[in-house]
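Welcome! Please take a moment to look over the structure below, and then we will walk through it together.

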Amino acid sequence: MNTDMKTVLVDGASGYLGLHAVNALIARGYAVKALVRPQSRPVDRATLEALGAQVCIAQLKLEESDSNNVAALSAAFAGANYGLHLIGSIAPRRGESFEGLHPQMASAFATYAAQAGLEKVVMVTALGADKDSQSLYLKSKALAEEATRSILGERLTVLRPSLIVGRQVGTRDSKLVKRYLDLADQRPFIPLIDGGHNLIEPVYVGDLALAIAQCFESDALAGATLELGGAEKLSMRSFVERLLAVVGRKKPFLTLPYKLAAVLATISEKISDVPILSSDQAYLATIDNVTTSNSLSQLVEVTPLGQALAGYRVFSHKGSR
């Protein structure tokens, strides 16, 4: 494989998926510029540098009032061939919003990418993204896709994964996986909203990182919107049972009615800088999150779920959670 040392600008690079994407891209011969916000954790910046990325610090936004930030953003995008947009959250911090994190950030990224002349851009959103969704998270993801495509057109490839799981580098996990691992360590039981009957299709983070690279390497994928699911469709309860088995925990489950979960989520959002449970997370726990047309096997050899979860056993024994 010859990447001709193409340079990829990755925003959200210090996040869970960002660290894995940077790791995969560098392993495949790309140069990576990792865009992180000033508040990012030093340990994550250090991990990015250890992987070989050039860390660029700036706040992704369109406001022109901060000339130093504008200059830093322009410098970050300068010289990049491709772009990867990852910024987002299902549980925004106090003072943040889905609108600000998703459509607004996406518009800012696309604007700078267009100005810099990036040839291809990959954007990772979420399975189920829909402007008409009852979920504000999924609605905002769809609006972010729309805003980005209006600027970049066919240069944009959108990936919509189900729940992302596993870990290869760094100390981060997906918010949902971290919640269940923490509950297993700290509580005598595991609460499952509506009993955990909703179906999911977990995607191994290593597979998703490689799929991102494939999108840069295949002209045929330009302009596409692809749903990505893992090797199995299973209930949330079954998933949590398998996750706990891997890390050597056995805890009873407690069914948490959705209405009660929604109340607890509202309280958590009011009292916590980062809510343990958000209103959207509570709602999404009542609906299935599976593909209707899974494209992952067209991009990579799909990792079995058991193998994807096995890495948690290693990190659990190291005590790195």
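**A guided walk**

Let us begin at Glu145, which lies in helix 5, spanning residues 136-152. Helices here are DSSP runs of H or I with at least four residues, strands are runs of E with at least two, and both are numbered from the N terminus. This is a predicted model, in which local features need pLDDT of at least 70 and side-chain atom pairs count only at pLDDT 80 or more, while totals for chains, interfaces and linings use all residues. Residues are numbered from 1 along each chain as its sequence is written, and side-chain values use heavy atoms, with hydrogens and water left out.

Is Glu145 buried or exposed? Glu145 counts as buried because its relative accessibility is 8%; buried means under 20% relative accessible area, exposed over 50%, and partly exposed in between, using a 1.4 Å probe and protein chains only. The side chains of Glu145 and Thr125 are joined by a polar contact of 2.6 Å. Such a contact is a pair of N or O atoms within 3.5 Å; within protein, one must be able to donate a hydrogen and the other to accept it, and residues adjacent in sequence count only if both atoms are side-chain atoms. Apart from neighbours within four places in sequence, Glu145 is in contact (heavy atoms within 4.5 Å) with Met123, Thr125, Ala129, Leu156, Val158 and Arg160.

Next, find Glu269 in helix 9, residues 258-271. Glu269 is partly exposed because its relative accessibility is 33%. Setting aside residues up to four places away in sequence, Glu269 touches Pro275, Leu277, Ser278 and Ser279. Arg93 is 176 residues from Glu269 in sequence, yet their C-alpha atoms are 8.5 Å apart in space.

Our last residue, Asp194, sits in the loop between strand 8 (190-193) and strand 9 (199-200). Although Asp194 is not a glycine, it has a positive phi of about 55 degrees. Most residues other than glycine have a negative phi. With a relative accessible area of 33%, Asp194 is partly exposed.

Now step back to the whole protein chain, which has 12 helices and 13 strands. Its C-alpha atoms fill a box of roughly 55 × 40 × 40 Å along the principal axes. Of its 321 residues, 53% count as buried. Among contacts with a separation of 6 or more, 77% come from residues 24 or more positions apart.
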